[in-house]
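User: I have a chain open here and want to talk it through. Can you help me read it?
Analyst: Go ahead and put it up.

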Amino acid sequence: MKGIITSAVKKVTLELIYQVVDERTKELATKIEELKKKQEEDFRYLVQKIDSNNQRIDTVIQMLMELKK
């Protein structure tokens, strides 16, 4: 009888552990996905800023070239 109870307790314990691990894994996967999206948004923003500054630099260079003439 003791063996059956011990076996049942182990099985229930393992099932609970697996359930907790599954839930935590899902939470972490969701957080990772959110971080990836945030990173992509930040990257797009930085690229836009760089492009905007490159355009400004090009404009200044063109103005300088015109002034040189």
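User: Which helix do Glu27 and Arg24 lie in, and how many residues apart are they?
Analyst: Both are in helix H1, three residues apart, which is about one turn of the helix. Keep in mind that this is a predicted model.

User: What do the side chains of Glu27 and Arg24 meet in?
Analyst: A salt bridge, with 3.0 Å from N to O.

User: Are those two buried or exposed? Glu27 to begin with.
Analyst: Neither: Glu27 has 41% relative accessibility, so it counts as partly exposed. Arg24 is partly exposed as well, at 40%. The partly exposed class runs between the 20% limit for buried and the 50% limit for exposed.

User: How many salt bridges does a search of the whole structure find?
Analyst: Three. Besides Glu27 with Arg24, there is Lys38 with Asp42, also at 3.0 Å from N to O, and Arg44 with Glu40, where the closest N and O atoms are 3.9 Å apart.

User: 3.9 Å for Arg44 and Glu40. What cut-off makes that a salt bridge?
Analyst: The limit is within 4 Å, from a side-chain nitrogen of Lys or Arg to a carboxyl oxygen of Asp or Glu. Arg44 and Glu40, at 3.9 Å, are listed as a salt bridge on that basis.

User: Where do Lys38 and Asp42 lie?
Analyst: In helix H1, four residues apart, about one turn of the helix. Arg44 and Glu40 are likewise in helix H1, with a spacing of four residues, again about one turn.

User: And how accessible is Arg44?
Analyst: Arg44 is at 52% relative accessibility, so it counts as exposed. Its partner Glu40 is partly exposed at 43%. In the other pair, Lys38 has a relative accessible area of 45% and Asp42 has 36%; Lys38 is partly exposed, and so is Asp42.

User: Changing topic. How many helices and strands does the chain have?
Analyst: One helix and zero strands. Helix H1 covers residues 2–68.

User: What box do the C-alpha atoms fill?
Analyst: Roughly 100 × 10 × 5 Å, taken along the principal axes. The radius of gyration is 30 Å, whereas a compact globule of 69 residues would have one near 11 Å.

User: What percentage of the residues count as buried?
Analyst: 0% of the 69 residues. To count as buried, a residue needs under 20% relative accessible area.

User: How much surface does the chain expose, and what share do carbon and sulfur atoms supply?
Analyst: The chain exposes about 7000 Å², and carbon and sulfur atoms supply 63% of that.

User: Which residues make the nonpolar surface patch?
Analyst: Met1, Ile4, Ile5 and Val9 make it, and the patch is about 460 Å². Ile5 is found in helix H1.

User: Why can Ile5 be part of a patch, going by its accessible area?
Analyst: Ile5 has a relative accessible area of 48%, so it is partly exposed. Patch residues need over 30%, and Ile5 passes that.

User: One more. What lies 2.8 Å from the backbone oxygen of Lys2?
Analyst: A polar atom of the side chain of Thr6. Thr6 lies in helix H1.

User: Is Thr6 partly exposed or exposed?
Analyst: Thr6 is at 34% relative accessibility, so it counts as partly exposed.

Note on methods
Residues numbered from 1 in each chain as written. Predicted model: local features only at pLDDT ≥ 70, side-chain atom pairs only at ≥ 80, totals over all residues. Heavy atoms only, no water. Patch = residues over 30% accessible without salt bridge, like charges linked within 9 Å, V, L, I, M, F, W, Y side chains within 5 Å. Areas by Shrake-Rupley, 256 points an atom, 1.4 Å probe, with all protein chains shown as cover. Helix = DSSP H or I, 4+ residues; strand = E, 2+ residues; numbered from the N terminus. Buried < 20%, exposed > 50% of the residue type's maximum accessible area, 1.4 Å probe, protein only. Polar contact = N/O pair within 3.5 Å; in protein donor to acceptor, adjacent residues only side chain to side chain. Rg over C-alpha atoms; globule rule 2.2 N^0.38 Å.
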